[in-house]
Amino acid sequence: ELQSERYAHEFEERIYAYLERIVLEEIEQNTILDQIEFDREASLDFISERNSFFVGREDDIKSISDMIHGADGKPIAVTGPSGIGKSSLISKVTETCSKDMTVLSRFIGHAFSRASGIEMLHSIWLEMDRYGKYDKEFSVFNFSERIQKSSYDIPVLIAIDGIDQFSDDDEFLSMNWLPEKLEGNVRIIYSVLDRPEYRTLYQRCGVSQYALAPLDYSSAMDY
């Protein structure tokens with residue numbers, strides 16, 4: 001009888017531990033999904049807010065849109081000094097491209113809830129799962145492989161604004177996540193300050209740099 005009681009107690013403990021693990025995993029998964037949804041909604045709000053007063057730069061928008069829809073599949077780095085309008089331009093380009101692409105956007109320093117670039121890549125990875133699962137676990141190498149080769153029913157644009165705002169020791173800034181060429185129908189555009197210390201982030205093999213010029217006075221007066 002004592003042995004039966006011991007077995008029953010051990011069985012109860014195993015069942016409790018199993019159920020506890022399932023509940024904790026569910027809570028963790030829901031927390032991750034909530035964070036991803038927060039990032040998505042925050043990005044959409046930022047895009048809507050910026051685009052509500054955006055004027056000009058039609059030539060820049062068309063040029064970048066043509067690059068995104070081009071066949072060469074090169075990642076695009078929008079560069080320029082602080083305050084020139086990189087965030088606003090990225091915002092407007094994503095709105096333009098959303099007419100025929102699925103846009104996954106992150107605006108660092110404006111509408112992003114996580115601290116590191118690797119966490120951001122993981123959130124993009126999980127958001128991509130909505131449009132097609134990948135048969136490998138997340139890692140920087142697998143992220144690069146996924147965006148390089150994947151094709152979806154609707155083309156995907158990943159837009160990341162302000163990558164220079166991550167800390168210098170962030171693994172993200174190694175740029176190992178960025179393939180030289182995108183062979184499927186995923187496209188990448190990101191923005192970064194044009195400063196000597198950041199040039200390794202955009203002067204890379206396979207990356208098309210788009211140096212954003214100041215909006216000249218005559219163009220500004222047209223709007």
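Contacts in this predicted model lean towards the long-range end: taking pairs of residues at least 6 apart in sequence, 76% of the contacts join residues at least 24 apart. The chain has 223 residues, and 44% of them count as buried. Its accessible surface comes to about 12,400 Å², with 51% of that belonging to carbon and sulfur atoms.

As for secondary structure, the chain holds 6 helices and 5 strands. Read from the N terminus, the elements go α-α-β-α-β-α-α-β-β-β-α. The 5 strands come together in an open sheet with parallel pairing, and their order across the sheet is 2-3-4-1-5. Strand 2 (102–107) and strand 5 (208–211) sit at the edges; each has a single partner strand, so one side of each is left without a neighbour in the sheet. On average, neighbouring strands here are turned by 15 degrees against each other, direction ignored.

Now for the pairings themselves. Strands of a sheet are held in pairs by backbone hydrogen bonds, in either a parallel or an antiparallel arrangement. Starting from the strand 2 edge, strand 2 runs parallel to strand 3 over 6 bridges, and Thr102 has Val156 of strand 3 as its bridge partner. Strand 3 is in turn joined to strand 4 by 5 bridges, again in parallel; here Ile160 is matched with Tyr190 of strand 4. Over at the other edge, strand 1 (residues 76–80) and strand 5 pair in parallel through 4 bridges, with Val78 standing opposite Tyr210 in strand 5.

Strand 3 (156–161) deserves a separate look. Of its 6 residues, 6 are buried, so strand 3 is largely enclosed by the rest of the structure. In a regular strand, side chains alternate between the two faces of the sheet. Both faces of strand 3 turn out to be covered: Val156, Ile158 and Ile160 are buried on one side, and Leu157, Ala159 and Asp161 are buried on the other.

Turning to the helices, helix 3 (residues 86–97) lies across strands 1, 2, 3 and 4, and runs at about 165 degrees to strand 4 (186–193). Helix 2 (residues 58–69) contains Ser65. With a relative accessibility of 12%, Ser65 falls under the 20% cut-off and therefore counts as buried. Leaving aside residues up to four places away in sequence, Ser65 touches Thr96 and Cys97.

Terms used:
Residues numbered from 1 in each chain as written. Predicted model: local features only at pLDDT ≥ 70, side-chain atom pairs only at ≥ 80, totals over all residues. Heavy atoms only, no water. Helix = DSSP H or I, 4+ residues; strand = E, 2+ residues; numbered from the N terminus. Buried < 20%, exposed > 50% of the residue type's maximum accessible area, 1.4 Å probe, protein only. Contact = heavy atoms within 4.5 Å. Areas by Shrake-Rupley, 256 points an atom, 1.4 Å probe, with all protein chains shown as cover. Pairing = 2+ DSSP bridges. Axes fitted to C-alpha atoms, helices over the stretch in contact; angles between N-to-C directions.
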